[in-house]
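Visitor: Got a few minutes to walk me through this one? I'd like to start with the charged pairs.
Guide: Sure, let's bring it up.

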2 protein chains.
Amino acid sequence: VNIAVIGASCTPYGEWWDKSLRDLLAQAQLTALEDAGLMPKDIQEIFVANMCAGQLSGQVNLGAMAADILGIHVPSTRIEGACASGALAVRAGIAALESGRAEVVMVSGVEKMTDVDHTRVTESLMSATDYETEGFVGATFPALFALVTRAYMHTYNLTREQLAQVSVKNHKHGALNPSAHFRKEISVHDVLKSSIVADPLTLLDCSPMSDGAASIILSTPDFAKKINKHDVKIIASTQACDTLALSHRKNITQFYATQQAGQQAYKQAGITPRDINLVEVHDAFSTSEIIALEDLGFFDRGTAGHEIAQGTTNLNNRLTVNASGGLKAKGHPIGASGIGQIVELMQQLRNQCGARQVHNAKIGLAHSMGGLGATVAVHILTNKE
Amino acid sequence: VNIAVIGASCTPYGEWWDKSLRDLLAQAQLTALEDAGLMPKDIQEIFVANMCAGQLSGQVNLGAMAADILGIHVPSTRIEGACASGALAVRAGIAALESGRAEVVMVSGVEKMTDVDHTRVTESLMSATDYETEGFVGATFPALFALVTRAYMHTYNLTREQLAQVSVKNHKHGALNPSAHFRKEISVHDVLKSSIVADPLTLLDCSPMSDGAASIILSTPDFAKKINKHDVKIIASTQACDTLALSHRKNITQFYATQQAGQQAYKQAGITPRDINLVEVHDAFSTSEIIALEDLGFFDRGTAGHEIAQGTTNLNNRLTVNASGGLKAKGHPIGASGIGQIVELMQQLRNQCGARQVHNAKIGLAHSMGGLGATVAVHILTNKE
């Protein structure tokens with residue numbers, strides 16, 4: 001894979017009650033175009049990631065909306081893979097470029113989650129799992145992740161305090177990110193004393209419901225050279241899946257789809273995990289960051305939680321994980337999240353991140369997960385020639 | 001474009017209260033594999049089209065479900081473009097093949113619409129239009145199409161009786177299709193006396209809510225030759241879009257997106273409308289078939305309704321339109337519909353259609369529309385070398 005990222009933009013994530021789905025999408029799309037120095041007519045195909053708008057905003061067919069915003073009539077398609085929707089849309093954009101169908105594509109993601117009844121949002125999130133065996137019987141998404149967390153803590157002797165350090169670290173990073181939903185540091189004590197959502201997970205173990213949008217513009221290497229925007233490129237793009245239902249897995253303390261997507265990504269890029277110095281992983285819950293880092297080969301099985309607690313993954317320590325604040329602190333507007341990760345890597349690799357800049361950022365990895373490890377996509381970006 | 005269709009299958013469309021979303025998808029996927037003579041492990045990527053399952057069945061992340069059914073872990077992605085979802089998934093499958101990412105892909109579509117409260121289905125369908133200016137103010141999908149119909153009848157002197165002939169013709173064809181939702185002929189009188197849905201459209205002008213699934217297997221020409229399944233191929237695949245809201249159009253008696261997708265498809269295939277002898281068009285309402293046939297260049301503006309009424313588009317007359325029965329009689333399980341059209345063309349081009357076989361079928365066109373002409377995709381298939 002050799003695809004240039006020539007423009008990138010994220011709206012701030014947060015509770016934007018005064019902005020519609022269309023407003024947020026427009027904001028991300030237009031600022032991404034500005035970042036690339038392109039006009040709407042330069043975009044040849046569009047992919048839009050979104051999970052919940054049908055359920056929460058009475059709006060599907062977002063492909064047409066995304067083109068409508070730009071006033072163009074090109075092919076425009078919505079992509080969905082639950083919380084991995086954004087990353088899957090990036091893959092669709094890459095396929096369009098690699099097929100020769102287009103030279104320049106826009107990949108956008110948007111989600112509007114905060115000004116509707118929370119029960120409806122919870123129901124909507126639950127649709128990412130297997131309805132027949134999980135949603136139907138009343139399981140919520142955090143409840144299923146609590147099972148995973150219990151199993152992991154038991155198997156690998158992870159303490160509740162160590163687990164809390166994931167959120168503490170991500171809030172520390174998020175405090176440095178002007179676009180983050182939550183820009184305040186929290187302590188282990190704060191995590192432990194916050195309301196229990198699904199034991200042992202508390203409110204501060206769970207990523208929030210956010211509004212937001214993100215958009216990137218991808219092109220062939222030739223086009224990027226022509227407009228002198230060839231500094232950052234995608235060198236791996238992979239995707240794998242696993243059973244929809246958690247009960248159909250042999251092991252719930254690791255996710256096979258992440259392992260598959262990770263291994264294939266390293267092979268595509270011709271690198272190993274040791275070559276990577278910044279990572280954005282899908283920390284929908286604190287446990288998911290720990291498991292992802294192990295599945296991706298950054299730490300031995302059962303050790304990532306201990307490493308995070310020791311600060312190994314803090315900004316500019318051995319491996320910076322979620323410099324953006326991650327889904328926990330930057331926020332998790334679902335359709336935007338996977339694309340927002342690529343925006344963060346792009347800005348890090350261009351050395352544009354100010355207080356949260358990873359020194360000497362060279363190769364970054366983004367990991368996005370939809371459902372309970374059911375759909376996973378991995379991207380690797382670099383600023384090396 | 002040069003992509004082989006090596007397997008194709010449709011479940012019967014209808015009201016399948018005893019079958020779940022997963023059951024229907026499994027049925028289509030497994031019979032398509034059987035048709036291609038392949039095993040699940042031969043499939044390298046999957047695309048699944050669906051519009052309403054999030055809203056009606058509490059289930060998104062259908063990509064993971066589709067792979068789960070086959071017991072494989074390959075990339076699997078849901079594609080949505082309202083009623084054009086199926087056709088857009090076909091395009092995604094073609095891009096994956098053309099990019100070199102895969103040699104064999106499965107493209108499936110499924111919808112489960114009949115055993116939920118009809119009000120919820122109506123709301124869900126409305127999400128294909130612009131919620132802010134249309135759904136929010138209480139417009140329903142048939143109400144918007146009634147405006148289009150009135151404008152068309154007024155502009156081109158189409159009578160109510162002529163309009164009814166579209167449904168009469170499609171039911172005549174559907175009666176010959178063992179997989180059709182409705183297998184009975186109807187008369188102009190039946191159409192006129194059926195309940196008014198949105199004046200002037202009556203119940204028998206509107207396609208039904210159906211359950212069903214369809215699945216096709218696509219491959220590179222080389223792979224198709226290797227397994228000796230290179231008899232039918234896709235030679236054009238195009239997509240275009242228009243404003244989401246009807247009120248933003250300059251003209252509501254024609255659809256710009258269909259015109260664009262059609263013209264590009266003829267160019268890609270190197271043919272003209274005159275070279276085509278069978279067409280499956282998106283007859284969600286009787287008016288949409290008339291407008292599509294004009295937008296695609298088969299008839300002069302304002303004449304298609306008169307031609308249909310005269311029988312020009314009946315089975316084995318000048319141009320066979322909707323030999324399957326179309327969305328009206330074959331049924332309209334949204335996610336499946338666009339793929340079901342390709343299944344029909346495939347079976348026609350293989351001379352497998354029995355009583356509804358188009359004599360000497362050589363080149364077929366499929367037209368699918370999402371929202372009110374907002375998203376359109378066109379495919380052209382042939383059995384010529």
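Visitor: Which residues are linked with Arg22(A) in a network of salt bridges?
Guide: Asp68(A) and Asp130(B) join Arg22(A) in that network. Keep in mind that this is a predicted model.

Visitor: And Asp130(A), what does that one form a salt bridge with?
Guide: Arg22(B). The closest N and O atoms are 3.3 Å apart.

Visitor: How many salt bridges between chain A and chain B?
Guide: Six. Over all chains, the structure holds 34.

Visitor: What about residue pairs in polar contact across the two chains, how many?
Guide: There are 34 such pairs between chain A and chain B, counting residues with both at pLDDT 80 or more.

Visitor: Which elements of chain A give two or more residues to that side?
Guide: The helices are α2 (53-57), α3 (62-70), α4 (85-98) and α6 (131-135) of chain A. The strands are β3 (76-80) and β8 (233-241) of chain A.

Visitor: How do the residues on that side divide, nonpolar, polar and charged?
Guide: On the side of chain A that touches chain B, 22 are nonpolar, 19 polar and 11 charged.

Visitor: How many residues are in contact, chain by chain?
Guide: 52 residues of chain A are in contact with 52 of chain B.

Visitor: And what area is buried between them?
Guide: About 4,100 Å². Carbon and sulfur atoms give 46% of that area.

Visitor: Which three residues supply more than any other three on chain A's part?
Guide: Asn61(A), His73(A) and Arg101(A). Together they supply 16% of the area that chain A buries against chain B.

Visitor: Back to the strands. What joins β3(A) to β3 of chain B?
Guide: Three bridges, and the two strands run antiparallel. Within that pairing, Ile79(A) has Ile79(B) as its bridge partner.

Visitor: Let's leave the interface. Where do Asp35(B) and Arg350(B) come in?
Guide: Their side chains meet in a salt bridge, 3.3 Å from N to O. The pair links distant parts of the chain, 315 residues apart. Asp35(B) is in helix α1 (residues 21-36) of chain B, while Arg350(B) is in the loop between α15 (334-349) and β11 (363-370) of chain B.

Visitor: Buried or exposed, that Arg350(B)?
Guide: Buried, because its relative accessibility is 18% and the cut-off is under 20%. Asp35(B) counts as partly exposed, at 24%.

Visitor: What does Glu294(B) meet in a salt bridge?
Guide: Arg301(B), at 3.5 Å from N to O. Glu294(B) is buried, with a relative accessible area of 4%. Arg301(B) is partly exposed, at 30%.

Visitor: And over in chain A, how far apart are the closest N and O atoms of Lys193(A) and Asp190(A)?
Guide: 3.8 Å, in a salt bridge.

Visitor: Why are those two separated by about one helical turn?
Guide: Because they are three residues apart in helix α9 (residues 188-193) of chain A. Lys193(A) is exposed, at 57% relative accessible area. Asp190(A) is partly exposed, at 24%.

Visitor: Last topic, Ser9(B). Where is Ser9(B) found?
Guide: In strand β1 (residues 3-10) of chain B. Ser9(B) counts as buried, at 8% relative accessibility.

Visitor: Which side chain does the side chain of Ser9(B) make a polar contact with?
Guide: That of Thr31(B), at 2.5 Å. Leaving aside residues up to four places away in sequence, Ser9(B) also touches others, including Ala28(B), Ala32(B), Ala214(B), Ser215(B) and Val343(B).

Conventions:
Residues are numbered from 1 along each chain as its sequence is written. Chains are lettered from A and ligands numbered from 1 in the order in which they are written. This is a predicted model: local features need pLDDT of at least 70, side-chain atom pairs count only at pLDDT 80 or more; totals for chains, interfaces and linings use all residues. Side-chain values use heavy atoms; hydrogens and water are left out. Contact means heavy atoms within 4.5 Å. Buried area is the accessible area (1.4 Å probe) that two parts lose on being put together, summed over both. A salt bridge is a side-chain nitrogen of Lys or Arg within 4 Å of a carboxyl oxygen of Asp or Glu. A polar contact is a pair of N or O atoms within 3.5 Å; within protein, one must be able to donate a hydrogen and the other to accept it, and residues adjacent in sequence count only if both atoms are side-chain atoms. Helices (H or I, at least four residues) and strands (E, at least two) are DSSP runs, numbered from the N terminus. Ala, Val, Leu, Ile, Met, Phe, Trp, Tyr, Cys and Pro count as nonpolar, Asp, Glu, Lys and Arg as charged, and the others, Gly among them, as polar. Two strands pair if DSSP finds at least two bridges between them. Buried means under 20% relative accessible area, exposed over 50%, partly exposed in between (1.4 Å probe, protein chains only).
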